[in-house]
Amino acid sequence: MKYIDEYRDGPLARAIAATIASEAIVDRHYQFMEFCGGHTHAISRYGIEDLLPSNVRMVHGPGCPVCVLPVGRIDAAIRLAMRPEVTLCTYADLMRVPASGGASLLKARAAGADIRMVYSTLDAIHIAEAETGREVVFFAIGFETTTPPTALAIRLARQKRLSNFTVFCNHVLTPPAIRAILDCPGAGGAGRVRVDGLVGPAHVSTVIGTRPYDACAAEFGKPVVVAGFEPLDVMQAILMLVRQVNAGRNEVENQYFRAVTAAGNVIAQREIAAIFELRPTFEWRGLGELPASALRVRDTHADFDAERRFAVETLPAADNPACECGDVLRGVKKPAECKLFGTLCSPESPMGSCMVSPEGACAAHWTYGRFRTNVKIGAEKAVA
Ligand code: SF4
């Protein structure tokens, strides 16, 4: 397929791998974090770590929106959905994320809640138009990539004078999470991992551009390379990071220049700013409370804010104590280091959020067998 196959070229991947191996200094250990779940998925799917020399390793970051949503917000969504007048519209991944006491949206639906899977914000708008007797709530999650469609849905609902449509907003921001990962004393603080550089997000950066990473790179002295999601994109980004580390540079570079600019999508940024504002603080699974790291609906659009219309309360809720999603999301542990991985926890029966979404590190490792040695996964090994 044109514009896809070129970025999955096996001989080229092996050539880049050979260059990385020749340029990586033998007695130096390089540890890079891919922030984004899309990169985690690509690294597992295409066996990218298998191509790298043993002294160049990848650790997974918190860039999977389903994974970082704390249990308390899922609990709140379930309570909302159990209200008799509410129809909760959600993306499929969220249905299976474990909530408190073994609950989930899927189980709530089985118990009678009106919860519907949608593919877009427009689906939720259409349901609100068709069923004016229902209070339709869109369960909005995601980083800056999925925020513009939610903003447009609110604008559209106002244009259509829909009084039965609201948004339960859980949109989060990438730069504060990167800061939280890098904001550790020395090479790696307690409970955090040493990171020599970051593979920056692809889709998020099409919206926010590369500039927001400048401050992180300068303040924490870590290079950032924004990369696309194809295997050659990731390989090239790793090579660029190795070269920056070798040269003692801490710059923001853009490997994904076919889609990302320094300024990003200014129209989308304006739309986000018109509808949403910063929350003072927001809880992230694995990272805890992060100041100014998430969005809420502005007062000017309060009539489309489900939290205000239904007085939604987010109560403190603990993760399953046996689940190590928090450590996986900070890159401190690999998925297979969790005792539940592949035994009590699998994509069919997830115990933690990292096993639910295909972008979750545990789900990606399990699906592509990356915890086994010498695994060969047919076509997915094309670049190996
Ligand atoms: S294997 Fe399951 S329980 Fe363990 S960290 Fe991953 S998602 Fe959580």
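Okay, a term before the tour: two strands count as paired if DSSP finds at least two bridges between them. Keep in mind that what we have on screen is a predicted model.

So, start with the hairpin. Strand 11, residues 281-284, and strand 12, residues 288-291, run antiparallel and are joined by four bridges. If you want one pair to click on, take Phe282, whose bridge partner in strand 12 is Leu290. Three residues sit between the two strands of this hairpin, and in that turn Gly286 has a positive phi of about 90°.

Now the sheets. In general, strands of a sheet pair through backbone hydrogen bonds, and the pairing can be parallel or antiparallel.

One open sheet has five strands in the order 2-1-7-8-9, and the pairing is parallel. Which strands are at its edges? Strand 2, at 56-63, and strand 9, at 252-254, and each of those pairs on one side only. From one strand to the next, the twist averages 25°. Further in, strand 7 (residues 197-200) is joined to strand 8 (residues 224-226) by three bridges, again in parallel. There you'll find Gly200 opposite Val226 of strand 8. Lying across this sheet is helix 13, residues 231-247, which spans strand 1 (30-36), strand 2, strand 7, strand 8 and strand 9. Helix 13 runs at about 135° to strand 1.

Then there's another open sheet, with four strands in the order 4-3-5-6, also paired in parallel. Its edges are strand 4 (114-117) and strand 6 (165-171), each pairing on one side only. Here the twist from one strand to the next averages 25°. Strand 5, residues 135-142, pairs with strand 6 in the parallel sense over seven bridges. One example is Ile141, with Asn170 as its bridge partner in strand 6.

What packs on that sheet? Helix 5, residues 71-81, does, touching strand 3 (86-90), strand 4, strand 5 and strand 6. Its direction makes about 170° with that of strand 6. Helix 8, residues 121-130, lies across strand 3, strand 4, strand 5 and strand 6 as well, and runs at about 170° to strand 5.

Last stop, the ligand. Where does it sit? The space it takes is the largest cavity. How does the shell around the ligand divide up? Ten residues are nonpolar, one is polar and one is charged. Among the residues around the ligand are several cysteines, including Cys323, Cys325, Cys338, Cys345, Cys354 and Cys362. You'll also find Glu324 and Gly352 there, along with Val328, Leu340, Phe341 and Met355. The charged one is Glu324, because Glu counts as charged, and Gly352 is the polar one, since Gly is put with the polar residues.

Terms used: Residues are numbered from 1 along each chain as its sequence is written. This is a predicted model: local features need pLDDT of at least 70, side-chain atom pairs count only at pLDDT 80 or more; totals for chains, interfaces and linings use all residues. Side-chain values use heavy atoms; hydrogens and water are left out. Axes are lines fitted to C-alpha atoms, for helices over the stretch in contact, and angles run from 0 to 180 degrees between N-to-C directions. Contact means heavy atoms within 4.5 Å. A residue is near a molecule or strand if one of its heavy atoms lies within 4 Å of it. On a 1 Å grid over the protein atoms alone, a cavity is a set of points where a 1.4 Å probe fits but cannot get out, and a pocket is an open set with protein on both sides within 12 Å along at least five of seven lines; lining residues have an atom within 4 Å of a point. A molecule sits in a cavity or pocket if more than half of its atoms lie within 2 Å of its grid points.
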